[in-house]
Amino acid sequence: MNVILAVLTRELRLALRSRMDWLLPLLFFVMVVMLFGLGARPNDPVLAGFAPSILWVGALLSMLLTLDRLFRADYEDGTLEQLCLAEAPLTLTVAAKLTAHWLLTGLPLVLLAAPLAVALQLPAAGQPALVLGLALGTPVLSFVGGFAAALTVALPRAGLLLPLLVLPLLAPVLIFGAGAVRAALGGLDAAAPLYFLAAVLVLCITLVPWAAAAALRNAFE
Amino acid sequence: MPPPSLQLEIRDLAVRRGPRLLFEGLGFALSGGEILHLQGANGAGKTSLLETLAGLRRPAAGQVLGLPEEGGLHWLGHRNGLNLNLSVLENLEFWCGLNGAGAAACQPALERVGIWKLRHRLVRTLSAGQKRRAALARLLAQRRPLWLLDEPLDGLDRQGLELFAQLLAEHAAGGGGALVTSHQPLPAGLAGVRILVLNP
């Protein structure tokens with residue numbers, strides 16, 4: 001528990017000192033969503049139909065912007081070597097870092113989603129499924145994206161490679177997340193796609209820290 | 001409390017970096033109280049040897065016997081392992097948190113390396129030598145029998161070199177061992193120093 005607290009404290013402290021690093025992706029999310037709104041005709045009912053996809057794709061792209069930094073700074077300044085050799089299991093350290101990443105990027109997106117959904121004229125019936133879906137889906141983005149960031153940490157141009165690795169893996173999350181909102185809007189039960197997202201999240205929390213830790217150890221080979 | 005005794009033995013070690021074989025058939029031993037100064041030209045494999053002993057890199061062949069258990073060695077690489085946007089104290093406290101060393105260990109360690117008064121300064125504002133001292137403080141925050149130090153003298157001024165020599169001497173006197181790569185000669189007056197030259 002001390003290890004998790006130590007990592008969370010460090011990551012939150014660093015985020016406070018580099019606010020723009022974490023605020024810019026949020027601004028990007030807001031801008032993307034608002035541009036869709038501005039590009040549509042006023043009071044166009046079609047916009048509401050696309051709102052779930054717009055919000056999910058915006059969230060996904062916004063989180064992608066932050067992934068490259070997840071382990072790179074630690075790799076470049078030598079901290080990653082210390083993390084690999086520390087008494088604390090690297091798996092636990094990685095899990096804590098991914099959790100911190102979600103707290104700093106995913107959670108604000110979840111909180112922003114409801115007001116932005118209103119801006120896109122998404123009916124109130126779809127908003128709980130949207131927020132719940134993002135609350136379950138954005139941690140998956142952090143964990144899967146974190147694994148890809150760990151795989152590419154030692155590569156010089158990982159910024160270009162990361163989206164190509166991550167986006168296909170996250171397609172199911174996008175499909176079921178937006179699908180839950182559409183189901184709720186259609187008067188259907190949104191529970192099934194949300195359960196699917198929850199299952200994927202449990203799988204990610206269980207497996208990704210081990211896989212990412214192994215990928216990080218491989219970065220020195 | 002002295003660190004547990006060290007009996008490190010390397011047999012027929014071969015290390016690769018990518019497709020390139022850096023060296024093979026390397027064998028040597030290191031006991032507690034000894035300091036091994038690794039020398040060699042650039043690219044000879046000094047850093048890779050230390051990385052292999054630390055467990056950061058897998059050997060291509062050979063055996064490493066007698067390595068301390070997990071958490072039993074200190075690693076100081078080319079890079080200091082300090083986040084530039086954290087203060088000296090925050091960096092060391094984080095390291096202590098990951099290694100089960102109490103935060104109380106930070107003050108004596110930073111005082112010993114002479115940067116306690118800089119503890120609240122962000123690392124990015126320190127000179128290269130001060131950053132190196134901050135990295136050296138980890139060696140003192142928790143006693144470990146084996147030190148693997150890659151170019152530890154980089155950036156240190158004369159007082160820093162003297163301090164490093166004292167730390168190394170105290171470590172060896174306490175039964176610890178150290179492998180040190182350096183293109184410079186180690187500070188004079190250190191007892192128990194052996195030299196190992198790696199040729200590419």
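Before I begin with chain B, let me say that two strands are counted as paired if DSSP finds at least two bridges between them, and that helices (H or I, at least four residues) and strands (E, at least two) are DSSP runs, numbered from the N terminus. What we have here is a predicted model, in which local features need pLDDT of at least 70, side-chain atom pairs count only at pLDDT 80 or more, and totals for chains, interfaces and linings use all residues. Residues are numbered from 1 along each chain as its sequence is written, while chains are lettered from A and ligands numbered from 1 in the order in which they are written.

Let us start with strand β1 of chain B, residues 7-17, which runs antiparallel to strand β4, residues 61-65, and is joined to it by four bridges; in this pairing, B:I10 stands opposite B:V64. Eight bridges join β1(B) to the antiparallel strand β2(B), residues 20-31, and here B:E9 faces B:A29. These two strands, β1(B) and β2(B), make a hairpin with two residues between them, and B:G18 in the turn has a positive phi of about 65°.

Now to helix α2 of chain B, residues 88-99. Its twelve residues should span 16 Å, because the expected span is 1.5 Å times one less than the number of residues, and the end C-alpha atoms, 17 Å apart, agree with that. Is this helix buried or exposed? Twelve of its twelve residues are buried, meaning that 20 or more other C-beta atoms, placed from the backbone, lie within 10 Å of a residue's own. After α2(B) comes B:G100, whose phi is positive, near 70°.
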